[in-house]
Amino acid sequence: MTKNYILLFLFIISFSRVQAQDEAPTTVKNQFKINMLFPSLVYEHAFSDKNTLYSELGLGVGYRYNSFYDEGNVYFFPLINEQFRHYYNLKKRADKGKRTAYNSGNFLALNALYNFKSLSTNDKYGNYPQSFTVAALWGLQRTYKGRFNLEFNVGPGVNFDKYDTEFVPVGNFTLGWVIK
């Protein structure tokens, strides 16, 4: 009789652990990050099991080529980046035993990016005006042991500035750390 109670107790404990493992890693969490490749601060706010609002304040880098001078110019600008993200493969990653902690998964996102006026100028290329970009993105985020974070996203967008409206490719690659 005591053996039956012990077996029942062990079964309940093992079932609750399996249940907890299935639920916990398949939901996104709030997190702060520091990106080092292009310096920025990021806060990702979870407002449902699979959706977050990603907010970034940072420094962007651009490149333009001038055929008249036959040379290119790199420029730097402050930026604000907002993304509504939907993580679509957390359950599948968890079922395969892959890491899902710290929102490690693939996502689809609607992106709004505001670039402030360039901090660096060059007389040969002129000033780079403020611009606003709207894009649809596909991306992935992975956070490894030690909270090292890698993120990549890419997609088509439309850029608006005071001179022009144009279709542009949008892409981002970051390396950093999850703080909390």
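Strand 3 and strand 4 pair in the antiparallel sense, and 16 bridges hold the count for this pairing. That makes a handy way into this predicted model. Take Ser55 as a landmark: its bridge partner in strand 4 is Glu82. The two strands form a hairpin with four residues between them, and in this hairpin Asp70 takes a positive phi near 55°. Strand 4 also pairs with strand 5, again in the antiparallel sense, this time over nine bridges. Here Arg85 stands opposite Ala109 of strand 5. As a general point for reading such pairings, side chains in a regular strand alternate between the two faces of the sheet.

Stepping back to the whole chain, the secondary structure comes to two helices and eight strands. Read from the N terminus, the order is α-β-β-β-β-α-β-β-β-β. The protein chain has 180 residues, and buried ones make up 34% of them. Its accessible surface comes to about 11200 Å², with 65% of that belonging to carbon and sulfur atoms. As for contacts between residues at least 6 apart in sequence, 54% join residues at least 24 apart.

Next comes the empty space. In general, rolling a probe the size of a water molecule over the atoms shows where such space is left. The largest pocket has a volume of about 850 Å³. Its lining takes in 38 residues, and those nearest its centre are Val61, Gly62, Phe77, Leu113 and Asn115. Several strands share in this lining: strand 3 (51–66), strand 4 (71–87), strand 5 (105–115), strand 6 (131–143), strand 7 (148–161) and strand 8 (165–178) each supply at least two residues. By character, the lining residues divide into 16 nonpolar, 16 polar and six charged.

One residue of strand 7 deserves a look of its own, namely Phe160. With a relative accessible area of 35%, Phe160 counts as partly exposed, because it falls between the 20% limit for buried and the 50% limit for exposed. Leaving aside residues up to four places away in sequence, Phe160 touches Gln130, Ser131, Phe132, Val134 and Thr165. Of these partners, Val134 is 26 residues from Phe160 along the chain, and their C-alpha atoms are separated by 8.6 Å.

Finally, a word on backbone angles in the loops. Most residues other than glycine have a negative phi. Asn103 has a positive value instead, with phi near 60°. This residue sits in the loop between helix 2 (90–95) and strand 5. Asn103 is buried, because its relative accessibility of 2% is under the 20% limit. Arg147 is not a glycine either, yet its phi is positive at about 65°. The loop in question for Arg147 is the one between strand 6 and strand 7. At 33% relative accessibility, Arg147 counts as partly exposed. Put side by side, then, Asn103 is buried, whereas Arg147 is partly exposed, and each has a positive phi.

Conventions:
Residues numbered from 1 in each chain as written. Predicted model: local features only at pLDDT ≥ 70, side-chain atom pairs only at ≥ 80, totals over all residues. Heavy atoms only, no water. Buried < 20%, exposed > 50% of the residue type's maximum accessible area, 1.4 Å probe, protein only. Contact = heavy atoms within 4.5 Å. Areas by Shrake-Rupley, 256 points an atom, 1.4 Å probe, with all protein chains shown as cover. 1 Å grid on protein atoms, 1.4 Å probe; cavity = no way out; pocket = protein on both sides within 12 Å on 5 of 7 lines; lining within 4 Å. Points joined across faces, edges and corners; volume = space filled by probe spheres on them. Nonpolar A, V, L, I, M, F, W, Y, C, P; charged D, E, K, R; others polar. Pairing = 2+ DSSP bridges.
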